[in-house]
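I opened the model today to look up how its helices are placed, and I kept these notes as I went.

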Amino acid sequence: MNFDHQMPLDPFADDPNDPASFLTEDEPVEPISDEERAAIERDLALVKDFRRVLEPRGVRGIVFFCEDCEIYHYFDWAILAANMRATLRETVSPVHEPGAQPDVDAYVTWDYALGYIDGVRGI
Ligand SMILES: [Zn+2]
């Protein structure tokens, strides 16, 4: 079934910069800018700090609310770091891979982790 003929003409039909093209899943990964690279490297360093401080306290990783899936995603420290390294290499990272029944109490938000290590550093 195809309803395309009922739709208004796509104003971006022949436009290679069609904004909708950014929404498709199988697009090649966009090259990351120097700023993005620096930000990811900073986050990767933070993940190492978070893990060092929080893992001995039973925290296994970070939980993010995902706007796309409208659910929470749980990332173990190792997966988080692997995703960031994949982004730095400009390869696709499986960020939407669902975890197998995560122990939700063992994950904290990024902001919580950030506040926690700031608190530890402040001592
Ligand atoms: Zn998602």
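The entries below cover the helices and their packing.

I am working with a predicted model, in which local features need pLDDT of at least 70 and side-chain atom pairs count only at pLDDT 80 or more, while totals for chains, interfaces and linings use all residues. Residues are numbered from 1 along each chain as its sequence is written, and side-chain values use heavy atoms, with hydrogens and water left out.

Entry on helix 3. I took helices as DSSP runs (H or I, at least four residues) and strands likewise (E, at least two), numbered from the N terminus. I looked up which residues of helix 3 are buried (under 20% relative accessible area, 1.4 Å probe, protein chains only; exposed is over 50%, partly exposed in between), and found Trp110, Ala113 and Ile117. They lie on the same side of helix 3, because they cover an arc (taken from the directions from the helix axis to the C-beta atoms) of only 65 degrees around the axis. On the other side of helix 3, Asp111 and Gly122 are exposed.

Entry on helices 1 and 2. The axes (lines fitted to C-alpha atoms, for helices over the stretch in contact, with angles from 0 to 180 degrees between N-to-C directions) of helix 1 and helix 2 come within 10 Å and cross at roughly 165 degrees. Helix 1 is therefore roughly antiparallel to helix 2, since angles over 145 degrees count as such. The contact (heavy atoms within 4.5 Å) includes Ile40, Leu44 and Val47 of helix 1 and Trp77, Ala81 and Met84 of helix 2.

Entry on what follows helix 2. I noted Glu90, whose phi is positive, near 60 degrees.

Conventions: Angles under 35 degrees count as roughly parallel, over 145 as roughly antiparallel, 65 to 115 as roughly perpendicular and the rest as oblique.
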